[in-house]
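Trainee: I should like to take a close look at a single part of this model and then see how it relates to its surroundings. Please give one connected account.

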Amino acid sequence: FPPIEGETDFKWIGKYYCPEDNIKERSRKDGVPYAQWVQDGYLTATEGNVTDYKAVKADIVKALETYNVGSISYDSWQSNQLAQELGLEGATLYPYKQTPQYFNEPIKFLEKNVMRKLISHNNDPILRWMVGNVKILRRSDLMKFDKDKSREKIDGCVVLGMCIGEYLHNCLEEDFNPEN
């Protein structure tokens, strides 16, 4: 969330999911406390052993009803069906390419505002873990997030970058266009 009047901090509220049947094995394999994160309310355990996109969609629809959501960026790789369904729910969606052209400005914005301590994340342990896993891939003066061949998750960082990209596009610079 961008700062509201009288405040300076951007606020991150992450929502993460893990199939309930995989929590124990993922905790062992990844060396992170998935079960504790579920218990503490940072991670949503969904039924079964695969991602439950119905649960994800229900939470997004609830967020659309709760917050003033201008638009949603999404990674079209494996998300087109969910995006189409959310569009039918009234969401405005834009595909967000996972390229340095799209992530360069958001990463620069994040770096600057993290250093200024203007990104608040409520001590989110999952985001902290993911930040420790992410690397910055630099190509021709452009940047994007990379896992550096790590098995560890960085999805929260990618989504945060996409949110900042959406903010830059909609709120700061009408002419912000990563395609340029």
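Does Asp-141 count as buried or exposed, and at what relative accessibility?

Mentor: The model is a predicted one, and the description that follows should be read accordingly. Asp-141 counts as exposed, because its relative accessibility is 78% and the cut-off for that class is over 50%. Asp-141 is placed in the loop between strand S7 (135-139) and S8. The backbone at this position deserves attention as well: Asp-141 has a positive phi of about 65°, although it is not a glycine. Most residues other than glycine have a negative phi.

A second residue may be set beside it. Gln-78, also a residue other than glycine, has a positive phi, near 75°. Gln-78 lies in the loop between S4 and H4, and at 56% relative accessibility it counts as exposed.

From the loop that holds Asp-141, the account can pass to strand S8 (residues 142-146), where Phe-145 lies. Phe-145 forms a pair with Phe-103, and the structure holds 10 aromatic pairs in total. A pair of aromatic rings is described by the distance of the centres and the angle of the planes. One of the pairs is that of Trp-37 and Trp-129, which is tilted, with 5.7 Å centre to centre and 50° between the planes. This pair links distant parts of the chain, since Trp-37 belongs to helix H2 (residues 34-39) and Trp-129 to helix H6 (residues 125-133), 92 residues apart. Both Trp-37 and Trp-129 are buried.

The pair of Phe-103 and Phe-145 is edge-to-face, with 5.9 Å centre to centre and 65° between the planes. Phe-103 lies in helix H5 (residues 100-115) and Phe-145 in strand S8, so the pair ties together parts that are 42 residues apart in sequence. Phe-103 counts as buried because its relative accessibility is 2%; Phe-145, at 13%, likewise counts as buried. The two phenylalanines also belong to one aromatic cluster, together with Tyr-96 and Tyr-102.

Helix H5, which carries Phe-103, leads on to a pocket. The second largest pocket has a volume of about 420 Å³. It is lined by 15 residues, of which Leu-110, Val-114, Ile-119, Val-131 and Leu-160 are the closest to its centre. H5, H6 and helix H7 (155-172) each supply at least two residues of this lining. The largest share, four residues, comes from H5. Helix H6, one of these contributors, is also the helix that holds Trp-129.

Two further places complete the picture. On the surface, Phe-1, Ile-13, Tyr-67 and Val-69 form a nonpolar patch, with about 380 Å² of accessible area together. Tyr-67 is located in the loop between helix H3 (53-66) and strand S4 (72-74), and at 39% relative accessibility it counts as partly exposed. Gly-87, found in helix H4 (residues 80-88), also counts as partly exposed, at 35% relative accessibility. The C-alpha atoms of Gly-87 and Ile-4 are separated by 27 Å, and the two residues are 83 residues apart along the chain.

To return to the part in question, Asp-141 combines an exposed position with a positive phi.

Methods. Residues are numbered from 1 along each chain as its sequence is written. This is a predicted model: local features need pLDDT of at least 70, side-chain atom pairs count only at pLDDT 80 or more; totals for chains, interfaces and linings use all residues. Side-chain values use heavy atoms; hydrogens and water are left out. Patches are made of residues with over 30% relative accessible area and no salt bridge: like charges are joined within 9 Å, nonpolar side chains (Val, Leu, Ile, Met, Phe, Trp, Tyr) within 5 Å. Accessible areas come from the Shrake-Rupley method with a 1.4 Å probe; for residues, only the protein chains shown count as cover. A salt bridge is a side-chain nitrogen of Lys or Arg within 4 Å of a carboxyl oxygen of Asp or Glu. Buried means under 20% relative accessible area, exposed over 50%, partly exposed in between (1.4 Å probe, protein chains only). Rings of Phe, Tyr and Trp (its six-membered ring) pair if their centres lie within 6.5 Å; planes under 30 degrees apart count as stacked, over 60 as edge-to-face and the rest as tilted. On a 1 Å grid over the protein atoms alone, a cavity is a set of points where a 1.4 Å probe fits but cannot get out, and a pocket is an open set with protein on both sides within 12 Å along at least five of seven lines; lining residues have an atom within 4 Å of a point. Grid points are joined across faces, edges and corners, and a volume is the space filled by probe spheres set on the points.
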